[in-house]
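Biologist: I am new to this structure and would like to go through it slowly, one place at a time. Could you show it to me before we begin?

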Amino acid sequence: MGRCRDDADLVRVLGGPELAANARRCSGHVPGGLPGRYPGSVSKPKKSQVMKPSTAALKLDVYLPATPPEFQEGVVSREELDELQRNPPQWLADLRRDGPHPRNVVAARLRVSNSGLARGGITEPLTTAQIAALVADPPEWLTRERATHAEVQREQRRLRELRETTD
């Protein structure tokens with residue numbers, strides 16, 4: 001026999017003493033257990049998942065080049081990321097408060113889309129002070145992009161409500 005069969009097949013096909021002999025030859029067969037299965041856990045201990053610094057910076061909403069070198073050069077585990085979110089170190093708190101901020105944060109604070117930033121000529125990260133200056137004295141492109149963004153959001157909300165009422 002070239003392969004291990006389950007106990008019912010072995011009893012039916014071989015019967016009697018041949019069953020025990022075949023079960024011993026079958027690698028992985030454990031008497032009293034399932035054929036082909038190990039009696040205990042043989043899986044390796046779970047390793048913590050890790051991510052690149054760029055992914056961690058994205059999840060933390062910080063601009064990667066502004067983070068400390070040890071953050072940029074290493075890998076970040078899920079547990080470390082959770083700890084950074086629960087208890088941010090001083091450098092993280094400062095970055096979140098003062099910037100420079102990544103594109104998605106700048107867009108959210110200006111209430112425009114990422115594309116609207118590009119159309120407005122904003123390609124570099126901005127600090128909180130720069131964002132505040134734009135908000136205090138909005139240029140024409142910012143006013144236009146805010147209106148466009150608000151209209152798009154209204155339309156998305158209308159379509160979502162329409163789908164919910166038809167379901």
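Biologist: In which helix is the place of R146?

Modeller: Please keep in mind that what you see is a predicted model. Counting along the chain, residues 140–166 form one helix, and R146 has its place within that stretch. The helix that holds R146 is α10.

Biologist: What is the nearest side chain of opposite charge to R146, and how far away is it?

Modeller: R146 is buried, and a salt bridge would need a carboxyl oxygen within 4 Å of its side-chain nitrogen. R146 has no such bridge, since the nearest side chain of opposite charge is 10 Å away, and that side chain belongs to E145.

Biologist: Leaving aside its neighbours within four places in sequence, which residues is R146 in contact with?

Modeller: One of these partners is R111, whose place is in the loop between α7 and α8. With the sequence neighbours within four places set aside, the full list of contacts for R146 is L110, R111, V112 and V135.

Biologist: Which value does phi of R111 take, just after α7?

Modeller: Most residues other than glycine have a negative phi. R111 is a residue other than glycine, and yet its phi is positive. Just after α7, the phi of R111 is about 60°.

Biologist: Which helices do the buried residues of α7 pack against?

Modeller: In α7 the buried residues are V105, V106, A107 and L110. These buried residues of α7 pack against α8, α9 and α10.

Biologist: Is D61 buried or partly exposed?

Modeller: D61 lies in the loop between α3 and α4, and D61 has a positive phi of about 60° although it is not a glycine. Buried would require under 20% relative accessible area and exposed over 50%. D61 stands at 36% relative accessibility and therefore counts as partly exposed.

Biologist: How are α3 and α5 arranged relative to each other, roughly parallel or roughly antiparallel?

Modeller: A56, K59 and L60 in α3 meet R78, L81, L84 and Q85 in α5, and the crossing of the two helices is right-handed. Their axes come within 11 Å and cross at roughly 30°. Because angles under 35 degrees count as roughly parallel, α3 and α5 are roughly parallel to each other.

Biologist: Is the peptide bond from G99 to P100 cis or trans?

Modeller: P100 is found in the loop between α6 and α7. Most peptide bonds are trans. From G99 to P100, however, omega is near 5°, and the peptide bond is cis.

How values were computed. Residues numbered from 1 in each chain as written. Predicted model: local features only at pLDDT ≥ 70, side-chain atom pairs only at ≥ 80, totals over all residues. Heavy atoms only, no water. Helix = DSSP H or I, 4+ residues; strand = E, 2+ residues; numbered from the N terminus. Buried < 20%, exposed > 50% of the residue type's maximum accessible area, 1.4 Å probe, protein only. Lys, Arg positive; Asp, Glu negative; His and termini not counted. Contact = heavy atoms within 4.5 Å. Axes fitted to C-alpha atoms, helices over the stretch in contact; angles between N-to-C directions. Parallel < 35°, antiparallel > 145°, perpendicular 65-115°, else oblique. Left-handed = near helix turned anticlockwise from the far one by under 90°.
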